[in-house]
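I opened my notebook to record, entry by entry, what I looked up in this structure.

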Amino acid sequence: SFTEHRVDSVVLVGGEHNDEVMDLLDERQVPALLVWNHIDGHRLNSIGVDNKRIGRMAAQHLVDIGHRDIAVISGLTDVNDRAAGRREGALDILASYGVMPIPEWILQTPYDLDIAKSLVSNLLLSGKPRPTAIIGGNDIIATAAIWAAQTHGLSVPHDLSVIGIGDFKGSAEMVPALTTIRIPARRIGRMAADRIAELLISQTNGVSMKIENHEVEPEFKFRHS
């Protein structure tokens, strides 16, 4: 639909797009850019964070402060390569320390507060040994985990530690303030706009530009959860 309306360029979120999309962009010679997920070696330019690295950062922090019983609750990995990368990175670190979660502690949920809260409630009330820490695939899941824990009389972080990803608006103001990994969305957006402008100018001037994949640094936000 975009190409039929002769748009000058396209920005796509994430890296998992089918071959037909890539072929169409090539055929129509539409300058295109991937954002949010840094992908080395992709056929399109990309600007974003390494989501596997972010997952590793979250898991490493919990291991470093002494946790060994850690649940990993991600977004839906079959439709979101960012969620899949974060989960993979977290599980890689936990496996390297020999503290791989039991299958019942590796869960997925839509980015929905009510659904995620219900999922965490079921986890905490399952009657099995409960985890001492939860990695939330983003701040929505992590916030839901804190609410679920508090609903069932657990204190965060004394009974359960929680870490999120994203540093969404309100994460620093909630009680307890959410420990998370900040993704610099505005910086990614500005870099993407600059790169698209460069691609458009080079196309207008008949100059070929090499593919560039830029990784943007995430920022750890240590707070109270």
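**Pocket, cavity and one acidic residue**

I began with the largest pocket, and I noted that α1 (19-28) and α6 (185-204) each supply at least two residues of its lining. Since the model is a predicted one, I treat what follows as computed from that prediction.

I then looked up which element gives the largest share of this lining, and I found that it is α6, with 3 residues. The largest pocket holds about 450 Å³ of space, and 17 residues line it, with Val 30, Pro 31, Ala 32, Leu 199 and Gln 203 lying nearest its centre.

Next I turned to enclosed space, and I recorded 1 cavity of 30 Å³ or more in the structure, while the largest cavity contains about 40 Å³. Its lining includes Gly 55, Val 72, Arg 86, Ala 90 and Ile 165, and the elements that give two or more residues to this lining are β4 (70-74) and α3 (81-96).

My last entry concerns Asp 139, which I located in helix α5 (residues 139-151). Which side chain of opposite charge is nearest to Asp 139? I found that it is Arg 223, 5.7 Å away, and that Asp 139 is buried yet has no salt bridge; the cut-off I needed here is 4 Å between a side-chain nitrogen of Lys or Arg and a carboxyl oxygen of Asp or Glu. I did find a polar contact at 2.7 Å between the side chains of Asp 139 and Thr 180, and, leaving aside residues up to four places away in sequence, I listed Gly 164, Ile 165, Phe 168 and Leu 178 among the residues that Asp 139 touches.

Notes: Residues numbered from 1 in each chain as written. Predicted model: local features only at pLDDT ≥ 70, side-chain atom pairs only at ≥ 80, totals over all residues. Heavy atoms only, no water. Helix = DSSP H or I, 4+ residues; strand = E, 2+ residues; numbered from the N terminus. Buried < 20%, exposed > 50% of the residue type's maximum accessible area, 1.4 Å probe, protein only. Lys, Arg positive; Asp, Glu negative; His and termini not counted. Polar contact = N/O pair within 3.5 Å; in protein donor to acceptor, adjacent residues only side chain to side chain. Contact = heavy atoms within 4.5 Å. 1 Å grid on protein atoms, 1.4 Å probe; cavity = no way out; pocket = protein on both sides within 12 Å on 5 of 7 lines; lining within 4 Å. Points joined across faces, edges and corners; volume = space filled by probe spheres on them.
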